[in-house]
Amino acid sequence: MTFRATILTLYPEMFPGPLGHSLAGRALREDRWALETVQIRDFATDKHRSVDDTPAGGGAGMVLRADVLAAAVDSVADDRPVLAMTPRGRPLTQPRVREIAAGPGVTVLCGRFEGFDERLFEARGIEQVSIGDYILSGGEMGALVLLDACVRLLPGVMGAASSGVEESFESGLLEYPQYTRPAEWEGRTIPEVLRSGDHAKIAKWRHARACEDTRSRRPDLWERHEGVRVGRPLARGDD
């Protein structure tokens, strides 16, 4: 079964963009996944092909209309989850990426302007997703991030099956630091343990560094990891 991605956007020319290159691009050419875009404006009903209107209650900017977006979503409705890229969504996590990648595909709705008419989410089963605590010009960049994260996990896309396992976030920790040749560079050497050939010691060192770096760089991840390790319940939004 081919993983299918449908992007609902006002700017279909932005795709496949970077997804047409490297691992994702090769997988696309090999039909390991499929991509289609849908122009939201095609579902406008007035002569000006309007997709937005002024916000109720006043304020700056424009808001994407629920009726137009619902028609676009309904046109591609199937058994795939529908995700809307919005800073008001729940943070995208690696476990959620794995769930999506294991399914038949995904439909992604890209926001613009001041966002979506909230009634769209009340009327349709759409998952609101954010890729970070910052604002972009639109959801297209978020959609690219989401798809790249999913596609690389599809069978046969990465060269080694283990490549997607020992990475940041897979175990709840940041990945341990990596080194390669030359053994010495600008007076800095590769840690001796990594040149020892003792796989047990290497694994222990890597785990210790992963813990150390997570604790110092991402205390939020460390707190979550420790909560899971000792069996404490997760806070909402941590799953």
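Which residue in S6 is the bridge partner of isoleucine 7? Keep that in mind as you look through this predicted model; the notes below begin with the answer.

1. **A pair of strands to start from.** The bridge partner of isoleucine 7 in S6 is valine 108. This pair belongs to a longer story: strand S1 (residues 3-9) and strand S6 (residues 105-110) run parallel and are joined by five bridges.

2. **The sheet around them.** S1 and S6 are part of an open sheet of five strands, with the order S2-S1-S6-S5-S7 and parallel pairing. Strand S2 (33-39) and strand S7 (126-130) stand at the edges with a single partner strand each, so one side of each has no neighbour in the sheet. From one strand to the next, the twist averages 35 degrees.

3. **A helix with buried residues.** Turn next to helix H2 (66-75). Its buried residues include Ala66, Val68, Leu69, Ala70, Ala72 and Val73. Among the elements that cover the buried residues of H2 are the sheet strands S1, S5, S6 and S7, together with strand S4 (63-64) and helix H4 (119-123). As background, residues three or four places apart in an α-helix point the same way, because each turn takes 3.6 residues.

4. **A buried arginine.** Please have a look at arginine 80, in the loop between helix H2 and strand S5 (82-91). Is this residue buried or exposed? Arginine 80 counts as buried, because its relative accessibility is 4%, below the 20% cut-off. The side chain of arginine 80 makes a polar contact of 2.9 Å with the side chain of aspartate 78. A polar atom of the arginine 80 side chain also lies 3.2 Å from the backbone oxygen of arginine 4. Leaving aside residues up to four places away in sequence, arginine 80 touches Arg4, Ala5, Thr6, Glu36, Pro104, Gly105, Val106 and Thr107.

5. **The annotated site.** An unreviewed UniProt entry places the feature "binding site" at Gly111, Ile131, Gly132, Asp133, Tyr134, Ile135 and Leu136. From this set, Gly111, Ile131, Gly132, Tyr134, Ile135 and Leu136 belong to the lining of the second largest pocket. Glycine 132 is in the loop between S7 and helix H5 (140-151), and isoleucine 135 lies in the loop between S7 and H5 too. With a relative accessibility of 68%, isoleucine 135 counts as exposed.

6. **Two cis peptide bonds.** Most peptide bonds are trans, and most residues other than glycine have a negative phi. Where does this model have cis bonds? One is the peptide bond from phenylalanine 15 to proline 16, with omega near 5 degrees; proline 16 is in the loop between S1 and helix H1 (22-29). Another joins arginine 181 and proline 182, where omega is about 5 degrees. Proline 182 is found in the loop between H5 and strand S8 (184-185).

7. **Positive phi away from glycine.** Serine 22 is not a glycine, yet has a positive phi of about 55 degrees. Serine 22 lies in helix H1 and is exposed, with a relative accessible area of 64%. Arginine 49 is not a glycine either, and has a positive phi of about 55 degrees. The place of arginine 49 is the loop between S2 and strand S3 (52-53), and at 37% relative accessibility arginine 49 counts as partly exposed.

Key:
Residues are numbered from 1 along each chain as its sequence is written. This is a predicted model: local features need pLDDT of at least 70, side-chain atom pairs count only at pLDDT 80 or more; totals for chains, interfaces and linings use all residues. Side-chain values use heavy atoms; hydrogens and water are left out. Two strands pair if DSSP finds at least two bridges between them. Helices (H or I, at least four residues) and strands (E, at least two) are DSSP runs, numbered from the N terminus. Axes are lines fitted to C-alpha atoms, for helices over the stretch in contact, and angles run from 0 to 180 degrees between N-to-C directions. UniProt positions are given in the numbering used here, feature names are shortened, and annotations may be inferred rather than shown by experiment. On a 1 Å grid over the protein atoms alone, a cavity is a set of points where a 1.4 Å probe fits but cannot get out, and a pocket is an open set with protein on both sides within 12 Å along at least five of seven lines; lining residues have an atom within 4 Å of a point. Buried means under 20% relative accessible area, exposed over 50%, partly exposed in between (1.4 Å probe, protein chains only). A polar contact is a pair of N or O atoms within 3.5 Å; within protein, one must be able to donate a hydrogen and the other to accept it, and residues adjacent in sequence count only if both atoms are side-chain atoms. Contact means heavy atoms within 4.5 Å.
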